[in-house]
Amino acid sequence: MGDPFRIDRERMVEHQLKKRSIHDPRVLQAFRRVPRHEFVPENLRQQAYADGPLPIGEGQTISQPYMVAIMTQVAEITPGNRILEIGTGSGYQTAILLEMAAEVYTIERVPQLSEQALETLRRLNYTEVHTRAANGTLGWEEEAPFDAILVTAGAPQIPRPLLDQLAIGGRLVIPLDEDYSQVLYIVRRTEEGFEKERGERCTFVPLIGEHGWKKDPRIH
Ligand code: SAH
């Protein structure tokens with residue numbers, strides 16, 4: 001009712017998600033529910049459901065819908081799971097995780113983006129969320145362990161604190177830089193240690209800070 005983007009959103013689910021490898025009905029349902037156009041700058045609303053990332057200010061982006069979906073699907077989230085997201089950005093991925101009935105902790109390095117995301121989430125009634133403006137490569141130790149950790153920025157290597165804060169049986173999803181591109185990795189913590197699985201190629205803005213890039217590699 002009163003949502004001019006409902007049809008665009010359904011098309012996004014059909015063409016960008018279902019036709020690719022997104023089949024988890026709970027993930028698809030979350031994408032039908034979250035109004036993506038509310039998470040982009042007002043002048044870009046008409047492009048909110050396009051098949052790509054969009055700028056959100058501060059040199060950062062809201063990720064491509066498909067990338068948000070694949071990360072959510074491989075994280076195998078079930079209701080009540082405790083999730084840590086590194087890189088709140090617009091708050092869109094955060095809202096998707098909240099729709100999956102997870103308990104979400106999210107960290108953003110840029111304070112203005114963290115504040116803006118919290119404002120958007122509150123306005124849309126996503127009030128049960130824990131946000132923090134800090135360097136996420138250190139994780140959120142007081143709230144660990146987490147059932148899943150999603151890193152939505154590209155890292156040179158896996159930050160050790162994030163492995164330490166993963167529950168046994170937990171999943172860490174992280175884009176890692178390889179040569180001139182990035183690859184999405186899924187790391188599972190078992191009783192014995194960690195199992196690393198290579199996923200698909202992807203493109204994310206850099207993860208900056210201790211245990212990440214020391215400075216923005218895009219600036220020379
Ligand atoms: N999940 C977001 C994606 C935002 S892009 C969305 O759907 O909108 C990645 C974000 O990671 C950027 O906002 C960037 O500022 C942030 N980031 C980069 N390094 C970080 C770090 N060390 N800790 C927390 N956030 C970081």
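This is a walk through a predicted model, starting at its sheet and moving out to the helices and one buried glycine.

Let's begin with the sheet. Seven strands make it up, and it is open, with the order β5-β4-β3-β6-β7-β8-β9 and mixed pairing. At its edges you will find β5 (129-133) and β9 (194-202); each has a single partner strand, so one side of each lacks a neighbour in the sheet. On average, neighbouring strands are turned by 15° against each other, with direction ignored. As general background, strands of a sheet pair through backbone hydrogen bonds, either parallel or antiparallel. This sheet, being mixed, lets us look at examples of each.

For a parallel example, take β6 and β7, which are joined by four bridges. Within this pairing, Ile149 has Leu172 in β7 as its bridge partner. Moving along the order, β7 and β8 pair in the antiparallel sense over eight bridges. Two of the residue pairs here can be picked out on screen: Ile174 is partnered by Tyr185 in β8, and Pro175 stands opposite Leu184 in β8. These two strands form a hairpin with two residues between them, and in this hairpin Asp179 takes a positive phi near 50°.

The next step takes us from β8 (residues 181-189) to β9, an antiparallel pairing with seven bridges. A hairpin connects β8 to β9 through four residues. Here Gln182 faces Cys202 in β9, while Tyr185 stands opposite Arg198 in β9. Tyr185 is a handy residue to keep selected: Ile174 has Tyr185 as its bridge partner, and Arg198 in β9 lies opposite Tyr185.

Now for the helices that lie against the sheet. Helix α3 (residues 65-74) packs on the sheet and touches β6 (146-151), β7 (166-178), β8 and β9; the direction of α3 makes about 20° with that of β8. Helix α5 (residues 111-123) also packs on the sheet, touching β4 (103-108) and β5, and its direction makes about 165° with that of β5.

How covered is α3? Of its 10 residues, 10 are buried. The list runs through Pro65, Tyr66, Met67, Val68, Ala69, Ile70, Met71, Thr72, Gln73 and Val74. Just after the helix comes Glu76, which has a positive phi near 50°. Besides its contacts with the sheet, α3 packs with two further helices, α1 and α4.

Consider α1 first. Helix α1 (residues 6-18) packs with α3 at an angle of about 70°, and their axes are 10 Å apart. That makes the two roughly perpendicular, and their crossing is right-handed. The contact brings Met12, Gln16 and Leu17 of α1 together with Pro65, Tyr66 and Ala69 of α3. Sorted by class, it has five nonpolar residues, one polar residue and no charged ones.

Then there is α4. Helix α4 (residues 92-99) packs with α3 at about 40°, with the axes 11 Å apart. The two helices are therefore oblique to each other. Here too, α3 makes a right-handed crossing. On the α3 side the contact uses Val68, Met71 and Thr72, which meet Tyr92, Gln93, Ile96 and Leu97 of α4. By class, this contact has five nonpolar residues, two polar and no charged.

Our last stop is Gly52, which sits in the loop between α2 (25-33) and β1 (54-57). Is Gly52 buried or exposed? With a relative accessible area of 14%, Gly52 falls under the 20% cut-off and is therefore buried. Leaving aside residues up to four places away in sequence, Gly52 touches Arg36, Ser63, Gln64 and Pro65. Pro65 brings us back to α3, where it is one of the buried residues and one of those meeting α1. Gly52 and Pro65 are 13 residues apart in sequence, and their C-alpha atoms are 6.9 Å apart in space.

Notes: Residues are numbered from 1 along each chain as its sequence is written. This is a predicted model: local features need pLDDT of at least 70, side-chain atom pairs count only at pLDDT 80 or more; totals for chains, interfaces and linings use all residues. Side-chain values use heavy atoms; hydrogens and water are left out. Two strands pair if DSSP finds at least two bridges between them. Axes are lines fitted to C-alpha atoms, for helices over the stretch in contact, and angles run from 0 to 180 degrees between N-to-C directions. Contact means heavy atoms within 4.5 Å. Angles under 35 degrees count as roughly parallel, over 145 as roughly antiparallel, 65 to 115 as roughly perpendicular and the rest as oblique. A crossing is left-handed if the near helix is turned anticlockwise from the far one by less than a right angle, and right-handed if clockwise. Ala, Val, Leu, Ile, Met, Phe, Trp, Tyr, Cys and Pro count as nonpolar, Asp, Glu, Lys and Arg as charged, and the others, Gly among them, as polar. Buried means under 20% relative accessible area, exposed over 50%, partly exposed in between (1.4 Å probe, protein chains only).
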